[in-house]
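Dear colleague,

I am handing over the structure below, together with some notes on what was found in it. Please read the notes with the coordinates open beside them.

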Amino acid sequence: ARPATARVFFALWPPAAIVEQLADIARSAASQLGGKATRPESIHLTLAFLGEVAESRLPLLARTAASVRAAPFELQIDTLGYWSHNHLLWAGCSAAPSELPGLAAALQQQLAAAGFVVADAGRPFAPHLSLLRKIPVAHPPKILPPIVPLAWSCTGFVLVRSQLSASGPEYKILAEFPLVP
Ligand code: 2AM
């Protein structure tokens, strides 16, 4: 029998106040453009995507993440972006502090050292929070409206399991890792 696996990734999970605002933006964009708004409980910023990992290795995965030393930082979510290759509308930072790519790189490095394979590890880190997927090609957003900047204090990151279902992915937080000054 094949070993049981889990589809997992590491992410920054926004606090409720930020989720609410981003979910509002996602809903109003969906009503204007069509497509599928990310459910509020699913809004996140991926740091490293691993895909399928044997369940037996999840404890090692959590220990590895716990060995990452990084300080808390502030993000200003102040811009929307659109990717035509996957018809995706996302929110992000016009100028992310270096701590954000720094955290993603530190995490990737520890994961690789422990023998985990990070998808897209060779590509530049493109931090984003996906808000609206499957925007019909007939309605790509031509002009993205400005958004009210959202101040997000990032004080930890999480290990998430993604369970795919007919109604879309369900995310379950398996472990949390604090960022300590
Ligand atoms: P997306 O929002 O841009 O689709 C769970 O699927 C999270 O992991 C999402 O944030 C998703 O990004 C990201 N993700 C999925 N597959 C990925 C891959 N192959 N490489 C990097 N990130 C991926």
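An oxygen atom of the ligand is placed 2.6 Å from an N or O atom in the side chain of His128, and please keep in mind throughout that this is a predicted model. Ser130 makes a similar approach, with a polar side-chain atom that lies 2.5 Å from an oxygen atom of the ligand, while in the case of Asp120 a nitrogen atom of the ligand is found 2.8 Å from an N or O atom of the side chain. Taken alone, the ligand exposes 480 Å², and the protein buries 73% of that. The space that the ligand takes is the largest pocket.

Which residues make up the surroundings of the ligand? They are Phe9, His44, Thr46, Phe49, Leu88, Ala119, Asp120, His128, Ser130, Arg133 and Tyr171, and sorted by class this shell has 5 nonpolar, 4 polar and 2 charged residues. The elements that give two or more residues to the shell are strand 3 (45-54) and strand 7 (129-133).

Strand 7 also belongs to an open sheet of 4 strands, in which the order is 2-7-6-5 and the pairing is antiparallel. At the edges of this sheet are strand 2 (36-37) and strand 5 (79-83), each of which pairs on one side only. Within the sheet, strand 6 (residues 88-92) and strand 7 run antiparallel and are joined by 3 bridges, and Ser130 of strand 7, whose side chain was described above as reaching an oxygen atom of the ligand, stands opposite Trp90.

Tyr171, which is among the residues around the ligand, lies in strand 10, where it stands opposite Ser162. Strand 10 (residues 170-178) runs antiparallel to strand 9 (residues 156-163), and 8 bridges join the two. In the hairpin that strand 9 and strand 10 form, there are 6 residues between the strands, and Gly168 takes a positive phi near 110°.

With best regards

Terms used:
Residues are numbered from 1 along each chain as its sequence is written. This is a predicted model: local features need pLDDT of at least 70, side-chain atom pairs count only at pLDDT 80 or more; totals for chains, interfaces and linings use all residues. Side-chain values use heavy atoms; hydrogens and water are left out. A residue is near a molecule or strand if one of its heavy atoms lies within 4 Å of it. A polar contact is a pair of N or O atoms within 3.5 Å; within protein, one must be able to donate a hydrogen and the other to accept it, and residues adjacent in sequence count only if both atoms are side-chain atoms. Accessible areas come from the Shrake-Rupley method with a 1.4 Å probe; for residues, only the protein chains shown count as cover. On a 1 Å grid over the protein atoms alone, a cavity is a set of points where a 1.4 Å probe fits but cannot get out, and a pocket is an open set with protein on both sides within 12 Å along at least five of seven lines; lining residues have an atom within 4 Å of a point. A molecule sits in a cavity or pocket if more than half of its atoms lie within 2 Å of its grid points. Ala, Val, Leu, Ile, Met, Phe, Trp, Tyr, Cys and Pro count as nonpolar, Asp, Glu, Lys and Arg as charged, and the others, Gly among them, as polar. Two strands pair if DSSP finds at least two bridges between them.
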